[in-house]
Amino acid sequence: MTARATVPLRAGVGHKFLMNKEYGSVVNQLNADLHRAIQEFMMKGGAATEAAVEETLQTVQAGFSATRSDIKTAHTELSYEIAAISEGVYRTKLGVQELNQHSRTWSDHVAARIDAGFAGVSNDIQSLEAVALNQHLLLLPRAEARYDSRSRQDVHGCLEGTRKKVLGEIHDWINCENPESPRILWLCGLAGIGKSTIAHTIAEEADAAGRLGASFFFSRDQADRRNPHLVYPTIASQLARLDHELKKLIVAAVEQDHDVATLVMKKQFQKLISEPLTAWRGAKGTIIIVMDALDECSPESGAEEILIRWAAELPKVQVPLKVLITSRPEFHIRRKFRSFILHAISQQYILHDIEKSVVREDIELFLRHSLNQIAEEDGIQTPWPGEPALKKLVDRAGILFIFASTAVKFIRNGKRSDPETRLELLLKEGASGGGSQYRDVDTLYAHVLQYALSANEDDAEDEDREKLREAFATVLGAVVLLRDPLSSTSLETLLSLSSGTARRVLLHLHSVLIVPEAADAEIRLLHPSFHDFLTSPKRCLDSRLHIDPQENHARLAECCFNILLKELRHDPCHVGNLWLTNAEIPHLQDLLEQSISSQLRYASCHFASHLSQALASNSILANLVGQFCDRQLLVWVETLSLFGEVDNAIASLQVMQDWYKGVTNPVHETLELLHDANRMLMECGRAIRRSSGLIYTSVLPFAPPCRLKQHYASVLRDDYIIRGLPKGWNANYCTIDIPTLALSLTYSPDGTLIAAGVDGGDIFIFNSLTGDEL
């Protein structure tokens, strides 16, 4: 083995060893050296054997000559020596044969050792290749949206024996080998009818059979699971698990363009999914992709883009790939499925059109099984409950599985009363939302909340009950309206509540909320219908329980501003070098986790969302906006740059500007600061995306004279002479690059999108705020 060949093996750097051409030639040299060693050994081993045989034969020949001479002189006397010499010759021949046999055995042994060495090297190379491929996959951002992800740890599939009709029809669709069979199945149904449970079951079965390509379960209360720009990178990273050759194709796309995950969704799909699948030849059967709750994708245009992309690209993919999509029958989704291009390759299955008798049987089976299980756990005689009580629960559920599921959780999770008492409470008639199709679900939610509120008050001292009632409303309102879930600890800090308050007021709500035991784990809604109930005055008739979105968004906006004013810091990761790009900061994500609290990250990313829902007449919020612009505006932009959220900063500034213009007697300097910050990001957003430090070293120092530059002059690095600065901001607000001649241009009705029709018939859609192609 050459000295050069040992370098990469000792180094153990899989990525460079595999990807570097120089090291590739070293591997070839190693193979040649090893084969040459085998050949030399075989040649030299054979020559040594022949020399030994020749030497032995020469000795024998000399012996024969001497013997003949002796025979001539003493034939009779030496006859016995002839026999002895013959015996010696015979033994010598045997020795030579044995020597040859040993030589061949040793040669085979050495060859086997060398073959084993080759196999070991091959295995090492494969291991290094796998490590390198996985490292490249880590470059893809992804959402925690798999069917079996920890964010869905309390979710399960269908109870065995239920939903047999719909599951059977989905199985028939999956297994149909007719090339004309629709490649997309849209499972549509009302909230709470069981769509996600069915999707979970299909994903779980496909995974067990090795046929699951990917799954993405949307959720509107988790930022990563509602973000359309994370859908295709997440699906690609899961597809890579399916087959080694497919993984290499996806990694090649990432290696070719490390920014592929930041591209517009159309190019993401083409590079990460369509092109690798088209080039892949290893499919051994139908591959399933499951996308659940598409209606919870935000914004709605993201859901529409997902449908458009599947419709446009799926027919081009030769791999037998089918996509199961579930959603509520929202207008923007129904409209897309009615379009010609999507209608031609899709099939609809409307869950709420299934015969009620079939659904009723499934719900009855689920309730009978679950309630008997509770009875066994609590020592209640089974079967339990009796048929009249069971029938009443089934009647209340109607076609909504969410009623049955929530009822079971409420009966099981009693902290202060036994299951029988809780069942009796549910069977009582209560206030409901009139003739709504969700009447009985609303009644159930009201019972759960009233019980929790009553239990909290019973546990408290008289003087603490009013405070506890206020804390209950504050915490519940926050949990329901948060744009991203928070842990109880972070939630208490955000809301300025004492430690332990959140968990205490939510103690009796485990049937409608996920409240983990760990204080640092996120609190989440079990089902979005709970949000819909609490925020609708027509459905939630108890004023103590109803959550006024406008009032609670205003409270959350106020809490966010207080956190921003208190916790934002320049150079939060203590890097100490403003000239580094964000990518050059070692272990940036780990540093952000250590340096920036969950509540600060939440406030930085979502305060504007809450502010937009509050009344402009709120003087407290108007004052907080002024303080924020006066003290923390640049540091906030710096922080969002480190998070990779500059587009969010642009959108948030626009929201703040629009909201603050509606304030009575707005402060002119605040309006100027917001305007200048917005122009700074629009003109220099690309630079700020790359490096947060450039705000202080280049962007503002080279900006035209403005209020923002003047106000924050003390923190800028302007230790150089600058001449020839422009007198004002460029009149060009935003430049949009279109690859070919634009023949027509139009805005969407809400002004947020620009559509450009170009030569050749293509249409490009752009975000009018940032200029980004969608």
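## Overall picture

A residue counts as buried when its relative accessible area is under 20%. By that yardstick, 46% of the 774 residues in this chain are buried. Keep in mind that this is a predicted model.

The chain's secondary structure comes to 31 helices and 10 strands. Take the contacts with a separation of 6 or more: residues 24 or more positions apart make up 72% of them. On the outside, the chain exposes about 38500 Å², and carbon and sulfur atoms supply 51% of that.

## A covered helix

Have a look at α27, which spans residues 633-643: 11 of its 11 residues are buried. Leucines, a tryptophan and a phenylalanine turn up here, including Leu633, Leu634, Trp636 and Phe643, but the buried set also takes in Glu638, Thr639 and Ser641. Right after α27 comes glycine 644, with a positive phi near 75°.

## Salt bridges

The chain has 28 salt bridges. One of them pairs arginine 163 with aspartate 362, with the closest N and O atoms 3.7 Å apart. Arginine 163 sits in the loop between α4 (79-137) and α5 (164-175) while aspartate 362 belongs to helix α14 (residues 356-378), so this pair ties together parts that are 199 residues apart in sequence. Both arginine 163 and aspartate 362 are buried.

Another salt bridge brings arginine 220 and aspartate 532 together, at 2.8 Å from N to O. This one also links distant parts of the chain, 312 residues apart: arginine 220 is in the loop between β2 (212-217) and α7 (223-226), and aspartate 532 is in helix α22 (residues 528-534). Arginine 220 counts as partly exposed because its relative accessibility is 29%, whereas aspartate 532, at 18%, counts as buried.

For a local example, go to helix α23 (residues 549-567), where arginine 555 and glutamate 551 lie four residues apart, about one turn of the helix. Their salt bridge has its closest N and O atoms 3.7 Å apart. Arginine 555 is partly exposed, with a relative accessible area of 28%, and glutamate 551 is partly exposed too, at 48%. Back with arginine 220, salt bridges that share partners join Arg220, Asp295, Arg328 and Asp532 into one network.

## A negative patch

On the surface, Asp378, Asp418, Glu420 and Glu424 gather in a patch of negative charge. Aspartate 418 is found in the loop between α16 (401-412) and α17 (419-427). Its relative accessibility is 36%, so aspartate 418 counts as partly exposed.

Technical notes
Residues numbered from 1 in each chain as written. Predicted model: local features only at pLDDT ≥ 70, side-chain atom pairs only at ≥ 80, totals over all residues. Heavy atoms only, no water. Patch = residues over 30% accessible without salt bridge, like charges linked within 9 Å, V, L, I, M, F, W, Y side chains within 5 Å. Areas by Shrake-Rupley, 256 points an atom, 1.4 Å probe, with all protein chains shown as cover. Salt bridge = Lys/Arg side-chain N within 4 Å of Asp/Glu carboxyl O. Lys, Arg positive; Asp, Glu negative; His and termini not counted. Charge placed at Lys NZ, Arg CZ, Asp CG, Glu CD. Helix = DSSP H or I, 4+ residues; strand = E, 2+ residues; numbered from the N terminus. Buried < 20%, exposed > 50% of the residue type's maximum accessible area, 1.4 Å probe, protein only. Contact = heavy atoms within 4.5 Å.
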